[in-house]
Amino acid sequence: MDVLRERCYGAAAHGGELPVVHSKAWRGRQGGRPGGRRHSAYTAGGDAAAGVPPLRRCAPAQLLLLALLGLAVLYRAGSHLFVAPQPELADLLRLDGDGPGAQQAAAAAASGVAAATQPKLIPRILHQTYPGSGLPPAEMRRWMASWRVLNPGWEVRLYTDQDCLEFVRREFPQYWDAYRWLGPGVQRADFFRYMVVLRHGGVYADVDAECRRPLDSLLHSKDTLVAGWDNEWANATEALQAGYVRQRQLAQWVFAGAPGHPALRELCDRIAAAAADRQTFSSDPRINALERTGAGLFTDVLLQHAAAHPPAARDDPWGVRLLPRVRFGAPPAPAFGLTPSDPGVAVLHHAPPGGHSEHETSSGWSWQQVTVEGVTSEVARRWWHRTEDIGAAEAARTAQRDAELALYPVSVDFDPPFDLLTHRLGRGERQGGADVGVALTTHGNWQPSVQPSRRPSLVDAVVGSMGGAEQKHNVLVDVGAGYGLLSLAAAARGHRVHAFELGPGSLEALEASLAHNGFEHLVKVHKEALGAPEQEGYTCILPRQPAASHSSRGGSDGSAAAADVEVQRGYGPAEVHATPAEACQLMTRRSAGAWAIPESDRVAALRVSANGWEGFVLRGFAPLLASPNRPPVLAVEWNPSAMQAAGWKRPLRLLEWLHSLGYTDISHSGFVCDQRWYSITYGVRRRGGVTPEDLAALRQPTWCRLLPQHFSLLLDRGGAVGAGRESNPETLLFVHHGTQDGTASNSSSSSGERPGASQPGGGGTDEFGVPETVAQALAEAALMVADPAATHTAAAVSNLTAGPGTNSSSRGSTAGNEGALPGSAGLAGAAAEQPRSSGGRYQHGSDSIPRPRADVEPGGRARL
């Protein structure tokens, strides 16, 4: 109140003495009222003696604020006097989950029973603190109960302020003076969470953090320190305005650690040293708290240890995993590309952003502990410390600090784990209409036109097909490797990789990730562009721009920036790459892929991401694809509009050629697959006769099956969504089921059956939960259109439990194929079944195209 009165009176106090309390002296304090007792100038007779005008000289808004504060204080005092006493804090340990979510939480907990039996270096102990002595609100009790419901085998320890004091005095006497100097509040809470996990290990979580996933499914057996990314911002000013002190900041409200971890020890030592020196980081108390004990210090220390102790280092006991933002940093309301209902959310924080909980944040009032002293301090802080006074200096300091770090590690949820290094928001490369670095930081996964949470992903399918660590002689060829998600995943399992990449940002991140994880001996980076044999030679990847044109492009949108990146990668428009040498600033060599791979390498998978150049790149691999040692799996990003811009006039010819080589098991994932599935389910709903329980089992697949007669769907429904918009690449997965002599087995392709199908009887269900008979019935129903003779399909859809019959002989011959790809059966089962093809001709609408030949002319040009 003293400082507020000073603001009211100061302008009119001509020559009268002001109170001793001054804003500069108050700024250096840790909190509480600026002075002790009220100054004598404010006694009954002091106002008149000092010549201070009466209170009526205050502005009406300030009088209204005083009245509201008085009502808040009276309400708080009345609640203590007249409300019935609340239960003790210890009762929290005996609470059950409230609300209808308890059953779902129990079911989720049951899914982690197997993981709960595995020994872990991080003890199964949950630490939480609560500053009050009464029972928290009902909503907070539900959040606290979620940890016990989802983690039944874990010990929960709840600490009061007095418990924290006794713990520090007993366990860390060397930090006792620093802990007392910090004073009650958020900074003590920060310090305590580091000390308690340093001593006992386990997981710390704020009481306003809700558990959404069992901890045993999140923590690996060899983990010793796990944290997660919070939000990120394009510049320092936006970050500070949102309550952050780093442009990319770690979430501090939940983390897990093993006892004695060096990173936790360094956190405690640095806090104690700053307290001993009485160090002040900012005149703003919020920033001061975040820098001294909060998320700012937490981010700096963990980044240092993550750089020195990557999770891929098998012999390092102090590895640090920094999880994608979806795990711990999802907002309580949809924002920044995440929603609370995202399946990847592990912990949901119900508090304002910036790194502190609502009940103990330094940027707001604690309505659980409202006092006159606290309200006065907060009013004075908001009155004196204005954003414009310190915002520019703090923003400059934050930007300078963040500029020193170009790449940030993100731990991918993969077995075994590894780190991807990504750029901050606005500094990475855009591919497929997305900022790839931001997508990887948010979800730990990225695939064009597919939600990152969908499974099985491209990484699951391709790397899973190569086998485990016992098959280390397999080789992955990754054309257009980008940030290296696929290459790093294969290297993490011991496979060798040939990665082709030229994009400057992607190449920087890829090479840094290889060095960070220690994979340089497994991954060879080829800094060249690929193409057809007749395209070999030097090509332009950076044309000279006139000064006026260059300045006009400075404000270009994301599409123009993405086009520039594709040109630098070597896969832009054909006319740009044909720029003559005198008009080009930078040129590179383009070669055929078959000559870049040693003949001794056994290529198990080939992936091509070439922005429309996929046809030319695959034609450069024609000798490999036509040989008996062909790669069993091809993954291609299909972009027909970009293919035509690159000079490949008939995109469907590429699919026909690959099919003629024996790659007859084709699936696709992306926008077209989703459209097909929506059309199928829409037709089934209109026919009726399907119960809600049956529809609930029809989960949308990530991959849809593609037969030759449906190739044209990739043109009809793919490509650009609208004029001026970026296209939506579709990911195609080709599987070659060959025999020992290298010839294709047509038993499965001619009958339309897929490997790994269920046994006759129609009762099978694949590993992703989609009943095979249901998927096949739905696919046939969607393609009936107006065929009256196909009414039997409608009957099959009406009775989902009795699916259409299967051909046991064709299934037997398919199952007997030698050389079947490991892991392909599960993917085949997840794809949406389609009707069988007949004969040896492809049906594209009304056109019939003869089966193409796989011959290759002497010049390397495929004769289609």
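The following paragraphs go through the disulfides, the buried cysteines and the internal cavities of this structure, which is a predicted model.

Two disulfides are present in the structure, and when the bonded cysteines are counted along the chain, their pairing follows the pattern 1-2, 3-4. A disulfide is a covalent bond between the sulfur atoms of two cysteines.

One of these links joins C540 and C584, whose sulfur atoms are placed 2.2 Å apart in the model. The torsion about its S-S bond is 95°, and the link of C540 and C584 is right-handed. Because C540 belongs to strand 17 (residues 537-543) while C584 belongs to strand 18 (residues 584-592), the pair ties together parts that are 44 residues apart in sequence. As for their surroundings, C540 and C584 are both buried.

The other link is formed by C673 and C704, with a distance of 2.1 Å between the sulfur atoms. Here the angle about the S-S bond is 70°, and the link of C673 and C704 is again right-handed. The pair connects distant parts of the chain, since C673 sits in helix 31 (residues 671-687) and C704 in strand 22 (residues 704-705), with their positions 31 residues apart in sequence. The relative accessible area of C673 is 0%, so this cysteine is buried, and C704 is likewise buried because its relative accessible area is 1%.

Two further cysteines can be described by their accessibility, for which the cut-off is that a residue under 20% relative accessible area counts as buried. C164 has a relative accessibility of 5% and therefore counts as buried, and C268, with a relative accessible area of 0%, is buried as well.

Turning from the cysteines to the empty space inside the model, the structure contains 8 cavities of 30 Å³ or more. The largest cavity encloses about 170 Å³ of space, and among the 16 residues that line this largest cavity, the closest to its centre are W446, A481, L485, L486 and R607. Several helices contribute to the wall: helix 19 (436-443), helix 20 (458-465) and helix 21 (485-492) each supply at least two residues of the lining. In terms of residue class, the lining of the largest cavity comprises 10 nonpolar, 4 polar and 2 charged residues.

Terms used:
Residues are numbered from 1 along each chain as its sequence is written. This is a predicted model: local features need pLDDT of at least 70, side-chain atom pairs count only at pLDDT 80 or more; totals for chains, interfaces and linings use all residues. Side-chain values use heavy atoms; hydrogens and water are left out. On a 1 Å grid over the protein atoms alone, a cavity is a set of points where a 1.4 Å probe fits but cannot get out, and a pocket is an open set with protein on both sides within 12 Å along at least five of seven lines; lining residues have an atom within 4 Å of a point. Grid points are joined across faces, edges and corners, and a volume is the space filled by probe spheres set on the points. Helices (H or I, at least four residues) and strands (E, at least two) are DSSP runs, numbered from the N terminus. Ala, Val, Leu, Ile, Met, Phe, Trp, Tyr, Cys and Pro count as nonpolar, Asp, Glu, Lys and Arg as charged, and the others, Gly among them, as polar. A disulfide is a pair of cysteine sulfur atoms within 2.5 Å. Buried means under 20% relative accessible area, exposed over 50%, partly exposed in between (1.4 Å probe, protein chains only).
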